[in-house]
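Me: I am new to this structure and would like a close look at one part of it. Please set that part in its surroundings as well.

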Amino acid sequence: MRRLLLALSIIASLALGISVGAQTIGVPPTTMDGSVAVILNGWPYEPAHRPPEVDYPDANFEQWSDRVFRDSLFLGLKIDGFKTLALIDKPCSTWGGESCFGHRFHSWWPTLRYYVVDVRLWEGRSTYLVAERDGLITKVVAPPVLSPSGHFAIAADLSPAYGNGLELIDMRAKPPAVIKIDTQPACPGTHPQSWLRPNPRWLDETRIVFEGSYGVGAPMDSDAKQILRIVDGKPEWEC
């Protein structure tokens, strides 16, 4: 019954655009592009686990089933104060064209108390970092990779076709501070680079190396040095 009331409250909130009784207590401030998020009082005693209506599933669901649930179009995340943050999908078949997107649970950072939600768009992707304490959402370009200490994270969506770029995230700030990185490495003795390698990996607490390739259609200079370092909380390329 509680699960049914929860779903009905979400649907009513979306349809009417207003709060529904004492259930809906507000929408968290966000920088989202069209997503619908609703914070509800309560958490279902028996969370649903019905899969989404598209062909890519949520990740690590069983491991965190005590704090994440899926009820078809709704992704529910447990928030402090016995509340639920519900993110609502917009299937392409219903909404059509470029307005459709889906929210998929990616991971949970227990030490930092953040959920990572992968947002699949009509073309490309986005990612939300959701704070457990209040449901506040921070938008980044891709699921981030945490530094060894968890003080920083790097988010990279570097596809030559429709990538959204590179961001350094300072997880010490509340909310996390997102620093857009628009520069490219230009170390002496290497050819100019049109793009970065796709996969960032932390070498230590302050340095990130970029590895991998895009295949034959996007040749890379094998000798190019692509290491980003953090100096006084700011990113710069290392040579």
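In the hairpin of E4 and E5, which residue takes a positive phi, and how many residues are between the strands?

Reply: The residue is serine 72, with a positive phi near 60°, and the hairpin has 2 residues between its strands. The model is a predicted one, and every value below is computed from it.

Start with the two strands of the hairpin. Strand E4 covers residues 68-71, and strand E5 covers residues 74-79. They run antiparallel to each other and are paired over 4 bridges. In this pairing, valine 68 is found opposite leucine 77 of E5.

The side chains of E4 can be sorted by direction. Val68 and Arg70 point one way, while Phe69 and Asp71 point the other way. In a regular strand, side chains alternate between the two faces of the sheet in this manner. Whichever way they point, all four of these E4 residues are buried.

From E5 the chain goes on to strand E6, and phenylalanine 82 is in the loop between the two. Like serine 72, which has a positive phi, phenylalanine 82 has a positive phi, here of about 55°, although it is not a glycine. Most residues other than glycine have a negative phi. Phenylalanine 82 has a relative accessible area of 44%; this is over the 20% limit for buried and not over the 50% needed for exposed, so the residue counts as partly exposed.

E5 also leads into the protein's interior. It is one of the strands that each supply at least two residues to the largest nonpolar core; the others are E2, E6, E7, E8 and E9. This core has 18 residues, and those with the most contacts inside it are Leu75, Leu77, Leu85, Phe105, Tyr115, Val117 and Val130. Leucine 77 is thus on this list and is also the residue opposite valine 68. In soluble globular proteins, nonpolar side chains tend to be buried together.

Valine 130 connects several of these elements. Beyond its close sequence neighbours, valine 130 is in contact with residues including Leu77, Ile79, Leu85, Tyr115 and Val117. Arg113 and Tyr114 are also among the contacts of valine 130.

Several strands of the core belong to an open sheet of 4 strands, in the order E7-E8-E9-E10, with antiparallel pairing. Its edges are E7 and E10, each of which pairs on one side only. From one strand to the next, the twist averages 25°. Within this sheet, E9 and E10 are joined by 4 bridges, and leucine 129 is opposite threonine 138 of E10.

Two loops of this sheet deserve a look. Arginine 113 is in the loop between E7 and E8 and has a positive phi of about 65°, although it is not a glycine. Its relative accessible area of 31% makes arginine 113 partly exposed. Arginine 133 is in the loop between E9 and E10 and is likewise partly exposed, with a relative accessible area of 31%.

Arginine 133 leads back to the starting region. Leaving out residues up to four places away in sequence, arginine 133 touches Ile79, Asp80, Arg113, Tyr114, Lys174 and Pro175. With tyrosine 114, arginine 133 has a side-chain polar contact of 3.4 Å. Arginine 133 and lysine 83 are 50 residues apart along the chain, and their C-alpha atoms are 9.9 Å apart.

Two of the residues touched by arginine 133, Lys174 and Pro175, share a cis peptide bond with omega near 0°. Most peptide bonds are trans. Proline 175 is in the loop between strands E13 and E14.

Away from the hairpin, a second core of 15 residues lies apart from the largest one; Leu168, Leu196, Ile208 and Leu228 are among its members. There is also an open antiparallel sheet of 4 strands in the order E15-E16-E17-E18. Its strands E16 and E17 pair over 3 bridges, and in that pairing valine 209 has isoleucine 227 as its bridge partner. Glutamine 226, in the loop between E16 and E17, counts as buried because its relative accessibility is 2%. A polar atom of its side chain lies 2.9 Å from the backbone nitrogen of arginine 197.

As for the whole, the protein chain has 2 helices and 18 strands, and 46% of its 239 residues count as buried.

Terms used
Residues numbered from 1 in each chain as written. Predicted model: local features only at pLDDT ≥ 70, side-chain atom pairs only at ≥ 80, totals over all residues. Heavy atoms only, no water. Pairing = 2+ DSSP bridges. Buried < 20%, exposed > 50% of the residue type's maximum accessible area, 1.4 Å probe, protein only. Contact = heavy atoms within 4.5 Å. Polar contact = N/O pair within 3.5 Å; in protein donor to acceptor, adjacent residues only side chain to side chain. Core = buried A, V, L, I, M, F, W, Y, C linked by side-chain atoms within 4.5 Å. Axes fitted to C-alpha atoms, helices over the stretch in contact; angles between N-to-C directions.
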